[in-house]
Amino acid sequence: MEAQSMTQAAIVGNSDVSRRSLLLGMAAASSSAAVAVVPTPARAASDSAATPVGENPELVAAYDRFKGAWAELKTAKANLDWLADEWRHRWPLAPEEILLNANAQNDFHVPSGAETDIVGRRLLRDTSTLTKRLSRDFRGKERQTCFTLRTSEKAREMRDRWERTVPKGRTEKSLARNRAFREEAIRECTRELALAEQYEAETARLRAESGVAMVLQRVKDADRKLNATAAEVSFLPALTLEGVGMKATAASIGAHDLIKLVVLEDKSPLGQIARLVGSVLQVTRGQA
């Protein structure tokens, strides 16, 4: 069972090798390399013109830099998605013995320690096969779920704690029972430690082989660049409706993750700002 859970696919064809080689080459490329052409944010009403009539030229230049940063981020994320798909069938599932709590895909349930794929995204398992761990009712309601994992660090801590424990008992029988329970707990922790170490070593090897760290870094760098250019656009004054549209577009994309958290009914200042940005975009793009 351990061997089955540690590897989902053992045979990789020559085409897979060549594709991985291509991805590693992409990941190792200099950050100054040319970025592939991808769709860019709308300029509200002036994409066809080099500079909108009467608009602040500094704003136009800053917005162009923002569009370039947005294109870089889209390319970096596309490469990350491609890598995740490329390595999906070689990525092992954690052994069932080190699975802990279910529903770890919910951020409010557990902030960290969840089972993930090669790029760090929460990994959802088919619950129908986990008959020993999950109840029939849970499997009927939840077709997929993500688990937290017992790491080698935690397994080692538990084993050490049990080894330090001194069994006690009021009678020889109860003392013998508690000693036996302690020994079994130590053996179980030792098994889990070995499985966790094996799983962590295999996933670390695959991450190193795939070059995912470099791809993830390119996404982080591109995201920081996008935020910096969006902030630059926000500081420059707009002189026309087209310029206002540029600023609204930069705000909507640069603060996209934050705006997603704001529901339409949110009456806080953040909700008001999010709705204002949406209204500006509707008006400026309607004037195009």
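This tour moves from the whole chain to one pair of packed helices.

**The whole chain.** Begin with the complete model, which is predicted. The chain contains ten helices and two strands. Colour it by secondary structure and follow the sequence: the elements appear in the order α-α-α-β-α-β-α-α-α-α-α-α.

**Surface and interior.** Next, display the molecular surface. About 17300 Å² of the chain is exposed, and 56% of that area comes from carbon and sulfur atoms. Of the 288 residues, 35% count as buried. Contacts may be examined next: among those with a separation of 6 or more, 72% join residues that lie 24 or more positions apart.

**Helix 5 and helix 6.** Now select residues 152-164, which form helix 5, together with residues 172-210, which form helix 6. A pair of packed helices is described by the angle and the distance between the two axes. Here the axes come within 8 Å and cross at roughly 160°. Because angles over 145 degrees count as roughly antiparallel, helix 5 is roughly antiparallel to helix 6. The crossing of the two helices is left-handed.

**The contact between them.** Which residues of helix 5 meet helix 6? Show the side chains of Ser152, Ala155, Arg156, Met158, Arg159, Trp162 and Glu163 on helix 5. On helix 6, select their counterparts Phe181, Arg182, Ala185, Ile186, Cys189, Thr190, Glu192, Leu193, Ala196, Glu197 and Glu200. Finally, colour this contact by residue character: nine of its residues are nonpolar, two are polar and seven are charged.

Terms used
Residues numbered from 1 in each chain as written. Predicted model: local features only at pLDDT ≥ 70, side-chain atom pairs only at ≥ 80, totals over all residues. Heavy atoms only, no water. Helix = DSSP H or I, 4+ residues; strand = E, 2+ residues; numbered from the N terminus. Buried < 20%, exposed > 50% of the residue type's maximum accessible area, 1.4 Å probe, protein only. Contact = heavy atoms within 4.5 Å. Areas by Shrake-Rupley, 256 points an atom, 1.4 Å probe, with all protein chains shown as cover. Axes fitted to C-alpha atoms, helices over the stretch in contact; angles between N-to-C directions. Parallel < 35°, antiparallel > 145°, perpendicular 65-115°, else oblique. Left-handed = near helix turned anticlockwise from the far one by under 90°. Nonpolar A, V, L, I, M, F, W, Y, C, P; charged D, E, K, R; others polar.
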